[in-house]
Structure formats: structure tokens, C-alpha cells
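Student: Could we go through this structure together? I would like to begin with the contact between the chains and then turn to a sheet.

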Amino acid sequence: MDFRFDIFFQALTNPALQQGAKETVLLTIVAMIFGLALGLFVALMRDSASRLLRGFAWIYVWFFRGVPTLVLLLIVWSGLPQLFPAFSDKWFSQFFAASIALSLNEAAYASEIFRSGLLAVDEGQRVAARALGLAPRKVFSRVILPQVVRVTIPPLSNDLITMLKLTSLAAFISERELLANTRTAVALNFRSMEYYLAAAVYYLVMVSILMIVQAWIERRFRWTSHREKGRGGLIRQLAPMR
Amino acid sequence: MTDPVSDPVHDQHKVGHLLDAALLHEQVAAESAGATELVLEASEVHKRYGRTEVLRGVSFGVKRGDVKAILGPSGSGKSTLLRCLALLEPVDAGEVRLDGRRIGVKGASGGMVTPLPERLLAKQRSDIGMVFQRFNLFPHLTALGNVMLGLVEVRGRKKAEAHEIAEQMLIRVGLGERKQFYPSELSGGQQQRVAIARALVMNPKVMLFDEPTSALDPELVGEVLAVMEELAREGMTMVVVTHEMEFARRAANGVLMMDAGVVLEEGTPDEIFTRPQNERTKRFVEALA
């Protein structure tokens, strides 16, 4: 067995890995924000009165959910510059290309989650809000949206964790995130196990932080008057890790 | 520690005055101006869903301070009628009037009649209180938050002010102690009383109740009916779709029997319950008793 703990700990504190992890977090956040915004639009389009919009939304989900993320990434990074020379310029960075591909991919999944969230809100809620005299926009923002958010937190958190790991695909287009930087280090010192394990630790730590945040948000949406009682979302979330 | 959820008996004793003294005063003044004035009126209302004609020309009126009970088998169009009166559904033909003014449409007299845009309908709806069979409380808000929402978002009251008014209203329906509870922590009867408070706090001209006790366990029906009877005594104008014959006898001054989208028979509770003229009314009332 050739495993050297000193090299493993070196890898854990390697500045290139730390820098890569920062890039991974940044890419995750950017892709998630644009993916969720676009996803909400697509979800509303799928339930719109216009046949054209509904058809467009359906095709969107069919395409971007069907094409593997890595293929999409390569189409955006290598394919677009071939069609449009403007994409060969300096501004079209690997980070930019990865953000686009991952957002488009995320929007397809998020739209389905938002749609099921909208369907999950009882029709009586909308009726009661209208009967009270709330204007249409307030019916959505004060009554429907808070309930959609509550039911979509768990699946969207799942997407967020998936996204964090999906960013590693950007290593294929030489985006300098965690995996790409780890591979560069391995190419220099040939210590695969120590370095890839260190990368795995980085991913695990980031995912764990996300789970804690999710549990905290879920607690805020429990809608009971005594929050301190009962098993919290945190315990439930961490249970599979023990 | 007692169970915070179920304490209907204790709550029931706290049912106090439900209407503002000011509002009552207003109503008394209006009454002396014209004692037979109709608050809410439907004339020849038609409504169809697809091929089914649910309402086939329904007409009736409620005078100020009157309580009208609507009876009828399921599918007779009672709930649809209430939804049309509450402006939740546009009518296909006929008119709905509130305080003599036609509501739900624009371009009333003579010319083309079109439904009002949703934003303007919302304004008119705020003068009509509606209570649903399944309560439909907002689960993300406390009892207090449910009652405050309309005051803040529709009436434009300041939060502190709305808090004060909503709290008083909850005390009046006997739920002052439960104001910080979420709907999931309240019994069905308590939820329905919050729903009544939520509608009442808007100072509506008329309150519509759509089978308010049908979704309740039998032992919880009483506390809701007690609130409604108090409301009736204090002079609130009410239209109540109900199967509670005892309530109709005690609190209503008019009973309407509906079947297959039309009004079969209308009269005082005594007329409808003890000597119904229509054969179908007779059978329905016998089945209820």
C-alpha cells in the first residue's frame, strides 16, 4: 500500500486546490442564479395560455434535459466560436462558457420543480386570496409564492448539490476549477490517490455546508409557533451521514 | 400543560360582540333611511361550465340585516351561486347588485357589458366577505397574519394598526389566545372561526358562507354556529349555504330551496320546514330531519 499521509495533508492545504474550490463555488452560484431565474420563466411559460409559449417551453425542457451536460458544455465552448467568430474573442472565457451551459441545463430541471411547486398549492388558496380582495400580483407574491418556495426547497437543494458536482465537468474545457487544478497537480507529482482524495474532501465539505444551509432554510419555512420542539431539519439531513 | 389545539368549550365562552359599534351605528342609520333596501341582489343569473348549465336564471335578494339560508341537494348550484355573488366567477347572463349598484362588469347601462379586469374586481370583492367549506386559511401565516393580510394588502393599513384591529377581531371570535398559532396547529372549528374573522375584519357589506360547517367534526360545529348566530344577532347581512336546519330555524329569516340550478321555493324557515309547498322541497327537508 502506497499512501502517504504527509502528501495527503499537503494536498489538502495546496493553494491551487483552494483556488480551484473558490472557482467551483463561484461557478455554482452563477449557474444556479441564472438557471433558477430562467427555470421560473420556463415554468410559467409551460402553464401559459399561449400555445406557442407552451410549445417553446416543452421543447426547451426536452432539449436541455436530454442532451448530456458535458456535450452541452463542448457545444457552447467549442461549437459556438466555429459558428460565430465573436465567440473566439477573449471575453468568451471558459468560466463564461461553463456558466452558460450549466445555467441552460439547470433551467430545464428547475422549471419542472417550479411547475410541480405551483401545482402543489391548493386551488382554494388562490380563491381565498382573490375573495379577500387581493390584487392579482399580491395573490401571487403574498399567498402562492411562499407556498411554492416551501415545497421546492428540498428538490432545489438537491439541484444545488448536483450543480456543485457538475461544475467538475468544466475541467474538460480547461476551466480552472477544483478538478482541473487537482489534475494539474497530479500531472506534476503523480500522487493520484492523495490528491483526488483531497479534492473529494473539498467537495464533501462544500456539500455539507450546503446541507446545513438547507436545513436552516427549511426550519424557517416550518410554519409552526414553537420552532424549538421536535426533530429539526438539520438532524434529519445529517442522519444519512452518520 | 394542556393540549394547545383543542379547547373548544373554553373558547366558546369568549365569543363577544362581533361587529364594531361604529359599523352597527352606520347600519342602523342606513336602515332608518330605507328599511326594505336590498344589500345584495341577484337577478336572472345564468352560469354554465362547458355544456352543463349550473345556474338557470336565479333571482333573490337580501335586505340589510337579513340572514338568508340556502338549502338544496349537492349539484343544485348553491356553491356556484355563492361564487358568482362573491365575484369569483363571472356570470354568463343576469345581474348581481351590491347596495343597488351593479358589480362585476363595466359599461352597465345600455351599451356592451364586459367583465371588469381582475384588478378592479379585486376592489369590489373586498366589500363582500366569503367563508369557505374547507376554511382555506393561508398556511404560511399565523391566525393573526391571516386576519391582518387583507387589512395591510387591500385596505393599506399600517402593520401596527392592522395588528391591533386583527387582534381585537380574534378576541371577538374567541381566539385571542391562539393568535400566534399557525392553521396546522388549530382545530377545524378554530380554523373556521379565524376564517370568519379574516372576512369580517374587512367590514364587508354582506357575508357569504359556503357550507361553513360541512367539513367539521360534529363536536366542532357548535362553536362555529355560535359565532355565526352572534353575528346574525348583531345585524350582519348574511347568505348561508347550509344543511344545518336548526341553525336556519334559529338564525335565518328567509330560506331558499334550490334544485337543478333554479330556486324551487322561498319562504320563512317555518314555511319551508313545516309546510313546504313543493314536493321536492318536502322530500329534501324530510331527509335532512
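Tutor: Certainly. In this predicted model, chain B and chain A bury about 2,200 Å² between them, and 61% of that area lies on carbon and sulfur atoms.

Student: Which three residues of chain B supply more of the area it buries against chain A than any other three?

Tutor: They are Phe138(B), His140(B) and Glu153(B), which supply 26% of the area that chain B buries against chain A.

Student: And how many residues does each chain bring to the contact?

Tutor: Chain B contributes 26 residues and chain A contributes 22 residues.

Student: How many salt bridges are there across the interface?

Tutor: The rule finds three salt bridges between chain B and chain A. One of the partners to look at is Glu118(B), which forms a salt bridge with Arg130(A); their closest N and O atoms are 3.0 Å apart.

Student: What about polar contacts between chain B and chain A?

Tutor: Eight residue pairs are in polar contact between the two chains, counting pairs with both residues at pLDDT 80 or more.

Student: Which elements of chain B each supply at least two residues of the side that touches chain A?

Tutor: Those elements are α4 (118–125), β8 (128–131) and α5 (143–153) of chain B. The largest share, four residues, comes from α4(B).

Student: How does that side of chain B divide by residue class?

Tutor: The side of chain B that touches chain A has 13 nonpolar, six polar and seven charged residues.

Student: Let us change topic to the sheet. What is the strand order in chain B?

Tutor: The order is β8-β9-β10-β3-β11-β12 in chain B, an open sheet of six strands with mixed pairing.

Student: Why is one side of β8 and of β12 left without a neighbour in the sheet?

Tutor: Strands β8 and β12 (262–267) of chain B stand at the edges and each has a single partner strand, so one side of each lacks a neighbour in the sheet. From one strand to the next, the twist averages 20°.

Student: How do β3 and β11 of chain B run, parallel or antiparallel?

Tutor: Strand β3 (residues 67–71) and strand β11 (residues 254–259) of chain B run parallel and are joined by four bridges. Leu71(B), for instance, has Met257(B) in β11(B) as its bridge partner.

Student: Which strands does helix α8 of chain B touch?

Tutor: Helix α8 (residues 218–233) of chain B packs on the sheet and touches β3, β9 (206–210) and β10 (238–241) of chain B. The direction of α8 makes about 150° with that of β10(B).

Student: And α11 of chain B?

Tutor: Helix α11 (residues 279–288) of chain B also packs on the sheet, touching β3, β11 and β12 of chain B. The direction of α11 makes about 105° with that of β11(B).

Technical notes. Residues are numbered from 1 along each chain as its sequence is written. Chains are lettered from A and ligands numbered from 1 in the order in which they are written. This is a predicted model: local features need pLDDT of at least 70, side-chain atom pairs count only at pLDDT 80 or more; totals for chains, interfaces and linings use all residues. Side-chain values use heavy atoms; hydrogens and water are left out. Contact means heavy atoms within 4.5 Å. Buried area is the accessible area (1.4 Å probe) that two parts lose on being put together, summed over both. A salt bridge is a side-chain nitrogen of Lys or Arg within 4 Å of a carboxyl oxygen of Asp or Glu. A polar contact is a pair of N or O atoms within 3.5 Å; within protein, one must be able to donate a hydrogen and the other to accept it, and residues adjacent in sequence count only if both atoms are side-chain atoms. Ala, Val, Leu, Ile, Met, Phe, Trp, Tyr, Cys and Pro count as nonpolar, Asp, Glu, Lys and Arg as charged, and the others, Gly among them, as polar. Two strands pair if DSSP finds at least two bridges between them. Axes are lines fitted to C-alpha atoms, for helices over the stretch in contact, and angles run from 0 to 180 degrees between N-to-C directions.
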